[in-house]
Amino acid sequence: MGHLQDLSTGLSIPFGWYAVAYSKDLQQKDVQAVNFFGQELVLFRTESGKAKLMEPYCPHLGAHLGHGGKVKGESIACPFHAWEIDGTGSVTNIPYAKNMPKRATEGPCLHAFPIQEMNQMVWAWYHPNKAAPSFDIIEVPEFSDPNWSELDTYEWEINTCLQESGENAVDIAHFVYVHGAADMPRAEVILNGAHRSTDMVTRTPRIDEEGNIDMTEMEDMHLVTQNFGPGMALQVFARAFKTVMMASMVPITADRIKLRFAFTKPKDISEQFNMFTDVLIEEIVRQVGHDIPIWENKIYRDNPILCDGDGPIAKYRKWFKQFYAEEGEGDTTGRPSLRAIN
Ligand code: FES
Ligand SMILES: [Fe+2]
């Protein structure tokens, strides 16, 4: 019998905006117990339609609001003694108390995560010290355009961390050895605060506007991936491939992630382009399957030996470091410091 290896990376959970649900999966008055950022949470949608994510344990006697809590207006009523708590974590009503206890009126009793709803997903801002959001994610116009298709979605839960899975995009050698690419792509990385853009160039057969492929002539194909912090990536495909892909990554724990891909296509493309695009989507999804066993069984090397063909791995790691909070950064009073921003 082999030893169970400790595959923990020792990396903590980076701060950032993380997609916690597809909007359509959280209907008005829905209440869900969810698990992200290494903690139990309650996710709900108020009667006016606002998505909320909070610490789940009632400030009264600690019942889990996600197990039997009910939405009442803009608040959630606890399943144990029906105290009502709103989406900022403040107690709004105790149905059987003559007076509100002082501690319940001094401000939020539970941490509420800042929320943004965009690109058909609910995004929560996680920071280990509950500091306020320090960067933005972006709205993808195709995701709200009626001329673009409903989302085609895929998801995985993987025993790895965000830094390790994200490193894939800049690890150019693995495209040949894991994914069977013909040549090593060239990759250029541009870093700008929380934003990162990776331009990967591969040689592919020429293709014209009608989608005809000319195998005798090769040309550069650029694939630009944009990252907005550790939790969101965007790829806009071109030429034969008429799709926009949004990837969202959310830490379940420090060493386990949920990875989601959502694709949309223009509704009015030719059969030919539709077919090319579907083949591409299938291939992208298939390639994740190649990466998973590597990620799940590898260890994290903090100080790896790198070679000159490895591409911008070191640069990527330096960029990623900014999302690990310093101890004491932000509010460390232990008292919830934020009100949800919607
Ligand atoms: S534990 Fe929630 S109301 Fe009592
Ligand atoms: Fe990969």
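**Strands and their partners in a predicted model**

Me: What makes strand β15 mostly covered?
Reply: In this predicted model, four of the five residues of β15 are buried. A residue is called buried if 20 or more other C-beta atoms, placed from the backbone, lie within 10 Å of its own; it is exposed if 12 or fewer do, and partly exposed in between. Four of the five residues meet the buried cut-off, and β15 is therefore described as mostly covered.

Me: On what basis are the residues chosen, and how are they numbered?
Reply: Because the model is predicted, local features need pLDDT of at least 70 and side-chain atom pairs count only at pLDDT 80 or more, whereas totals for chains, interfaces and linings use all residues. Residues are numbered from 1 along each chain as its sequence is written, while chains are lettered from A and ligands numbered from 1 in the order in which they are written.

Me: Why is strand β16 called largely enclosed by the rest of the structure?
Reply: Strand β16 covers residues 244-253, and eight of these ten residues are buried, so the rest of the structure largely encloses the strand.

Me: What makes β15 and β16 a pair?
Reply: A strand is a DSSP run of E with at least two residues, whereas a helix is a run of H or I with at least four; both are numbered from the N terminus. Two strands pair if DSSP finds at least two bridges between them. Strand β15 (residues 232-236) and β16 have five bridges in the antiparallel sense, so the requirement of at least two is met. Along this pairing, alanine 233 stands opposite alanine 247 in β16, and glutamine 235 stands opposite methionine 245 in β16.

Me: How do you know that β14 pairs with β15?
Reply: Strand β14 (residues 213-228) and β15 share three bridges, antiparallel in sense, and at least two are needed. Glutamine 226, for example, has leucine 234 in β15 as its bridge partner. The hairpin of β14 and β15 has three residues between the strands, and there glycine 229 takes a positive phi near 70°.

Me: Which residue in β17 is the bridge partner of valine 250, and how many bridges link β16 and β17?
Reply: The partner of valine 250 is lysine 258. Nine bridges join β16 to strand β17 (residues 256-264) in the antiparallel sense, and a hairpin of two residues connects β16 to β17.

Me: Why are β1 and β9 called edge strands?
Reply: Three strands form an open, antiparallel sheet in the order β1-β10-β9. The strands β1 (16-22) and β9 (115-118) each pair on one side only.
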